Amino acid sequence: MTQRSDNDLDLLDLSDAGRGLVLSAAIRERVRPSQLMADWLDRTGNQVTDTALAEALDVTLSLGALIGSGAERPEGGELPLQLRQQVLATAELSEVHAALLRNEPRTRTRTESCFADLITGKRPDASAMGRGDLLALATAAKWAEGVNGAVQIDADDVTRRIANQDFVERVGGADLSLFVGREALLTALHRLWQMKDRPTVLIEGPGGIGKSLAVARFFQVLLTDSDAATRPDAILHLDFDLPNMQRATAFDMTIEIVRQLALRWSPNPASGLQGLLRALGGRGGFVGADSTRSFSSHSVETRDYRSRETPSEVLEEALGLFGARRRPPLRLILFADSFERAEVLDEVAATNVARIVNVLRAAGVDLMVIYAARAYVQPARLSKGARPSRQSVKRFTQGEAVDYLVGKAHQRGIDLTRKAAARANQVIKGWPLGLRIAVSMLDSTPDSFDPADWLEQIGKGDRSVQATLYERLLSRINDDNLRRLAKPGLLVRRITPEVIGQVLAKPCGLPAETDAADLMVKAEREGQLFWRDSADPGALWHRQDLREIMLPVLRLDVPKTVARDIHDAAVAYYSTKTDDISRAEELYHRLCRGDARTEVGLRWRASAGQRLVGSLGELPAPAAAMVRLLLGGGRSDTAGGLEELRAVAQNRLSDGVTDLADLFAQAGFTESLDTPLGDVHALSLTRQGRFDELLEGAERIPAADNVPAPIKARIAISAAGVSEGQSDLNRALVFWRLAQRLSKGLFPMEQLTVRLALARVPRKIGRGTQARHFHVRAACDLLEDEARAVFSQRVTRLEAVAELSEVLQPVRGWQERIDPSVRGLLLNLFRELRPMFPSAMESRARLEELARILGIPSGDVHQPSDIDSLMFHSFNNTDPDLHGRALAALRSEVDAAFAAAVGRGPDDLPDSDAAPQLMY
């Protein structure tokens, strides 16, 4: 054996014993030479010769010397990369295989497992990997360089993916791996990115709702797209959560953009951008790390060094350097995050963003501009006077939240039932950050997971989800006194200097010398907890969306005596005033502290009481019921009273709240199907996943004497939808027919839903052609009458286009029997189906299924938008086969929606024929 001075071991000079030892070291991330020797002796036993033993000892000593001083530490040491590569490239592939077999899979590190995959011919899917797996793959790829027969990975591509992952995690935070849905927003962003003259995008929603996270997911998808033409050349991120960015000058923002172009988006250090950055006085790092620490200094250095240059000239020079080796035009995205902070704190900083946007566009950049904020002060200023694309981010529905919790549990190997997930979301109420915290609490092993314990942690025991969410929000408040004011001061809705001094100062523990007016200024600058009502100048109002999630925590954390002191002081303060706003606040605090109805009634004023409508969910159930009664609603034997309760219930259900006990109590009914509110209970059972209870009760409902016919029809509709989602089509047809028989009192849109179902289900079963044609014609008539309402309801829009568009083809005389205006209406409805296939947003299998239905190779489809483009061609085609395939794809989406409603995925659906046969 020859040991060379350049950290080299020559396998050609070694016998089998020495080669085996060296290869065992080369395929492991860290090794202890003495342990390698011991393992070798265990394998060879007494069969070893003196010569082989001597060589093995020599190799062991050489490995120790080459690894260095850490070779015999408990964790071992690393073989130098150059030596590792040379050893592996010299060995036969069969020898490397044999060495891998000696390294048991259960003991392998991530890098070792990646290397084993490359050696055995498995090509890893880098697009599905997180940062840790990408780092392991990058290392394994270097090991495998030169190994004959191993899968070769482009190391530059892996490095780019790691950099992209680092970037999107800076934008979206560590919770990016727990991204929640937002398919509609992502689809809208992708569609806007593909437009030529795209509008400015304004994303708005309350704090903690997931705006930055959704945008980060959009960036992640773009940056990992296999089509280089789809990827932007750079994404510029201005994060106004950073204090220095909130008051950044035009030079500050310009230098930050130069820094990002130079250090994040330019692989070539010699591009000239880094020289420009040094000349500007900028330092290394990104926004969000340590780059902003130099803002105060580099602004001065810029003025000293380039006093005659404007930010526009600097930016134009940077764009010229950055675009020198790229095909024009440059494609950039500018993302201004937490923009409300700039608008609130420094109007000049907010204006500077618009100036930078103008410079980028004037330089010929193909630019997409995205703002994210809780709200916008002057939205028109951000969109050059043109109409912006406004995207609202809201809480998740019950179904979306349940799907998310169940899916994330499944990824961890935990079998979480939909019922348990629904109960958890009754506490979380669809709040994305709360959902992510709930997932982080799934820290048990699959065998030890106890759903009862998990649910208790979420809402019954130490209310961890709400408390963590609340503390996260409070931790972002900079001023100590303002933090004290937030807890327990959130118990009041309205803040003024007088309210601070006379109501909150003592219970909040504010120092005697606190300047209430100054605290008001600081509160408005924070922009997290307060907003201004134009009808109430001089006051700040706690944000309603945050109060909804914080109040349950405060009621647990704040001592009852302290809460009572605040309510008493507020009543005393407001009772001396006569305006409606003050009277409303007095009534609010009386209701919170539990005043009797007679006491509240003496102070009641209808105009003031109307201001309490938005806060009914914050009040104790008896107090909320009292307000409804005083406003003319609540329990009543009249249909009007029940309709109000029904509307309130449906609003709650749409927000993911399934606890309706107080509403049934106000109406004087039990929570069951056989009551005049049975349709509401049916919806609640569906949202909770209690399908068997719904179906069994619905079968008995025709005999219920005290249930009005329209209510029976709506219960039947709920039961039919569940049955169809479960693929029990015969049972579904029975319920749909029951709904039709009782449909006289239904609204027209409900009647349309039933007619569409009675056309759809017989087609799927394959019978009743004549009756089906009747329902198609009846649905077309209703569609024409209710066109405006159908355009506003996506689900009905999809069902109508999918089931009725067969009339667009000259088959069996449809054109003679259907009014031409209906055909035009269907074409317009089809154009509004965006996204067409929500079920394919996160499912490659679903994409491939749709490709198969459309008769195209699955390899030609990479994302849902590819399917959308094909659909426009096929749907509008006069070829009956192409049109039929498009129709079959839409019908499969309807089926997927029904399946998703009962917790079944696309893989659970029955297989459709390769060449779909449509039943006309």
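**Entry 1: Ser-727**

I began with Ser-727 and asked how much of it is open to the outside: its relative accessible area is 34%, so it is partly exposed. I kept in mind that I am looking at a predicted model. I then looked up where Ser-727 sits, and found it in the loop between α37 (709-725) and α38 (729-741). Its backbone caught my eye too: phi is positive, about 65 degrees, although Ser-727 is not a glycine.

**Entry 2: another serine, Ser-338**

I went on to Ser-338, which also is not a glycine and has a positive phi, of about 50 degrees. Is Ser-338 buried or exposed? I found a relative accessibility of 9%, and because the cut-off for buried is under 20%, Ser-338 counts as buried. Ser-338 belongs to the loop between β5 and α16 (339-345).

**Entry 3: a cis peptide bond**

Next I checked the peptide bond from Pro-328 to Pro-329. I noted that this bond is cis, with omega near -5 degrees. I placed Pro-329 in the loop between α15 (311-322) and β5 (331-337).

**Entry 4: two helices that cross**

I turned to α6 (residues 110-119) and α7 (residues 131-144), whose axes come within 8 Å and cross at roughly 55 degrees. That angle is neither under 35 degrees nor in the range from 65 to 115, and α6 and α7 are therefore oblique to each other. Which residues of α6 and α7 make the contact? On the α6 side I listed Arg-110, Thr-111, Glu-112, Cys-114, Phe-115 and Leu-118. On the α7 side I picked out several, including Gly-132, Ala-136, Leu-137, Ala-140 and Trp-143. I also wrote down that the crossing of α6 and α7 is right-handed.

**Entry 5: the buried part of α36**

Which residues of α36 (residues 691-700) are buried? I noted Phe-691, Leu-694, Leu-695, Gly-697 and Ala-698. I reminded myself that an α-helix has 3.6 residues a turn, so residues three or four places apart point the same way. Then I looked for the neighbours: the buried residues of α36 pack against α35 (678-688), α37, α38 and α47 (880-901).

**Entry 6: strands β3 and β7**

I looked at β7 (residues 389-392) and sorted its residues by face. Ser-389 and Gln-391 make up the covered face, while Arg-390 and Ser-392 make up the uncovered one. That fits a handy rule: in a regular strand the side chains alternate between the two faces of the sheet. I saw that β7 pairs with β3 (residues 201-204) in the parallel sense, over 4 bridges. Opposite Arg-390 of β7 I found Leu-202.

**Entry 7: a sheet of three strands**

In what order do the 3 strands of the open sheet stand? I read it as β8-β10-β9, with antiparallel pairing. The edge strands are β8 (494-495) and β9 (530-531), each pairing on one side only. I followed β9 to β10 (residues 540-542) and counted 2 bridges. One residue I looked up was Trp-531, and its bridge partner in β10 is Trp-541.

**Entry 8: the whole protein**

Last, I stepped back. The protein has 47 helices and 10 strands, and 52% of its 920 residues count as buried. It exposes about 40300 Å², with carbon and sulfur atoms supplying 49% of that. I also checked contacts between residues at least 6 apart in sequence: 70% of them join residues at least 24 apart.

Notes: Residues numbered from 1 in each chain as written. Predicted model: local features only at pLDDT ≥ 70, side-chain atom pairs only at ≥ 80, totals over all residues. Heavy atoms only, no water. Buried < 20%, exposed > 50% of the residue type's maximum accessible area, 1.4 Å probe, protein only. Contact = heavy atoms within 4.5 Å. Areas by Shrake-Rupley, 256 points an atom, 1.4 Å probe, with all protein chains shown as cover. Pairing = 2+ DSSP bridges. Axes fitted to C-alpha atoms, helices over the stretch in contact; angles between N-to-C directions. Parallel < 35°, antiparallel > 145°, perpendicular 65-115°, else oblique. Left-handed = near helix turned anticlockwise from the far one by under 90°.
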